[in-house]
Amino acid sequence: MSALTPDEQDMVELVARFVDERVKPRVREFESVDEYPADFIEEMKKLGFFGLLVPAEHGGADVSAACFARVTEELARGWMSLAGAIGGHSVITYLIRTFGTDDQQQRYLPAMAEGRVRATMALTEPSGGSDLQGMSTYAAADGDDLVITGSKTWISNAQHSQLIGLLCKTDRTAQPAHAGMSVVLVEPGDGLAISGKIPKLGYRGVEACELSFDQMRVPASAVLGGVPGQGWRHMMRGLEVGRIQVAARAVGVAQAALEAALRYAQDRETFGKPIWQHQSVGNLLADMATKTRAARLMTLDAAAVLDSGKRADLEAGMAKLFASETAMQVALDAMRVHGGYGFSREYDVERYFRDAPLMILGEGTNEVQRNVIAAQLVARDRNRERI
Ligand SMILES: Cc1cc2nc3c(=O)[nH]c(=O)nc-3n(C[C@H](O)[C@H](O)[C@H](O)COP(=O)(O)OP(=O)(O)OC[C@H]3O[C@@H](n4cnc5c(N)ncnc54)[C@H](O)[C@@H]3O)c2cc1C
């Protein structure tokens, strides 16, 4: 597993301080009314969090995937929504830096590093998010333009993004279907309507919206990398970053739930002793801590594979699957430890319990994740690669 450089360690400590001093004292104020955390986002821009994956030559911090995962975990330990605010942005950053043309990199990366341009990724459609190759959003070639028609839903940060990494079809006749897909870099404008925010259980503060494209015109040069038909390959690579990010968010939520339960179990007394000394509660804490640590190590392992330049789809998928299920279990167990108070809006554990399920379904549901993992296992076995 790759160690963080001293600068990267400083960055993680900076985020931890930001979370403890700025976020934790105010998170309930924003979360309870589902208010967009404008102040936090502005601070995050100044601290360089939107430029974590932007190369230094374009003004970014250019940190390793391992550092990116640790920063994400720390943000999620304070409020998962803040980690979500850099989620899609970081995937699109990674796609542009890896596959973008020189023009695309010059146009977007410096502004993305500063957070002047925030990006979101738009994959899911109202008719389905798992079967992406069955999508219907279509960008038709028309002279030097593309004309986009269709709709996307559940798009995070849509109202506050100046750039949309849109996965769509550019050839509806291609076989297999993925050969006709492209990522198009769309700047919101005429022909695109963005809905109000969809009310949701958790992941509050940050909006998720529907996007409706009604013959929206963009230049043909907006296709990522300049060549249509590469979108599926590009996005599957980007989702490796996305899944590591979601896994890290899950670790952050699990860590926060564990810390809350551990503290409460020492303060609360029943039958004349702190409840952690009852074996059932002590066992819960031991299992919560063990699973959270395992989830962190899996996430950092996946990040190390990505940092090595190899494909990390198997490792990122496994980390996302394990960490998200762990976050859900640990959040539930933290509520158990809190007894009735775990159900109260006055304690943070109820928020962890509402936020955890997003990581089970985000960036591909865990059922789909298992399909990806199984396919990868077989492919690697056929290549006689050790698993
Ligand atoms: C708060 C929030 C934010 C989101 N942000 C974004 C975003 O920014 N960008 C974006 O593009 N999307 C986003 N999503 C969408 C998310 O990625 C999708 O909801 C998810 O991929 C599942 O798609 P679906 O909801 O259409 O479920 P469906 O695809 O309809 O699946 C329904 C159920 O069937 C199961 N299933 C489907 N196919 C299979 C299969 N082959 N094998 C086994 N089980 C299967 C699924 O696991 C699930 O349990 C967000 C969602 C939420 C809730």
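The exercises below work through the ligand site and two backbone features of a predicted model.

**Exercise 1.** Which residues come nearest to the ligand, and how do the residues of the shell divide into nonpolar, polar and charged?

Solution. Step one is to list the surroundings: 17 residues lie around the ligand, and G129, S130, W154, T365 and E367 come nearest. Step two is to sort the shell by residue type, which gives eight nonpolar, seven polar and two charged residues.

**Exercise 2.** Find the side chains of T124, S130 and S156 and state how far a polar atom of each is from an atom of the ligand.

Solution. Start with T124: an N or O atom in its side chain is 2.7 Å from a nitrogen atom of the ligand. For S156, an N or O atom of the side chain is 2.9 Å from a ligand nitrogen. The partner of S130 is an oxygen atom of the ligand, 2.6 Å from a polar side-chain atom of that residue. As for cover, the ligand on its own has 980 Å² of accessible area, and the protein covers 64% of this.

**Exercise 3.** Where does the ligand sit, and which elements and domains supply the shell around it?

Solution. First, the location: the ligand occupies the largest pocket. Next, the elements: at least two shell residues come from each of β1 (119-122), β3 (145-156), α11 (349-361) and α12 (366-382). The largest share, three residues, belongs to β3. Last, the domains: domain 2 (120-229) and domain 3 (232-382) each give at least three residues to the shell.

**Exercise 4.** Locate the cis peptide bond between Q175 and P176, then examine the phi angle of D62.

Solution. Going from Q175 to P176, the peptide bond is cis, and its omega is near -10 degrees. P176 belongs to the loop between β4 (163-169) and β5 (181-186). Turning to D62, this residue is not a glycine, yet its phi is positive, at about 50 degrees. The loop that holds D62 runs between α3 (38-46) and α4 (65-78).

Key. Residues are numbered from 1 along each chain as its sequence is written. This is a predicted model: local features need pLDDT of at least 70, side-chain atom pairs count only at pLDDT 80 or more; totals for chains, interfaces and linings use all residues. Side-chain values use heavy atoms; hydrogens and water are left out. A residue is near a molecule or strand if one of its heavy atoms lies within 4 Å of it. A polar contact is a pair of N or O atoms within 3.5 Å; within protein, one must be able to donate a hydrogen and the other to accept it, and residues adjacent in sequence count only if both atoms are side-chain atoms. Accessible areas come from the Shrake-Rupley method with a 1.4 Å probe; for residues, only the protein chains shown count as cover. On a 1 Å grid over the protein atoms alone, a cavity is a set of points where a 1.4 Å probe fits but cannot get out, and a pocket is an open set with protein on both sides within 12 Å along at least five of seven lines; lining residues have an atom within 4 Å of a point. A molecule sits in a cavity or pocket if more than half of its atoms lie within 2 Å of its grid points. Helices (H or I, at least four residues) and strands (E, at least two) are DSSP runs, numbered from the N terminus. Ala, Val, Leu, Ile, Met, Phe, Trp, Tyr, Cys and Pro count as nonpolar, Asp, Glu, Lys and Arg as charged, and the others, Gly among them, as polar. Domain bounds come from an automatic or database domain assignment.
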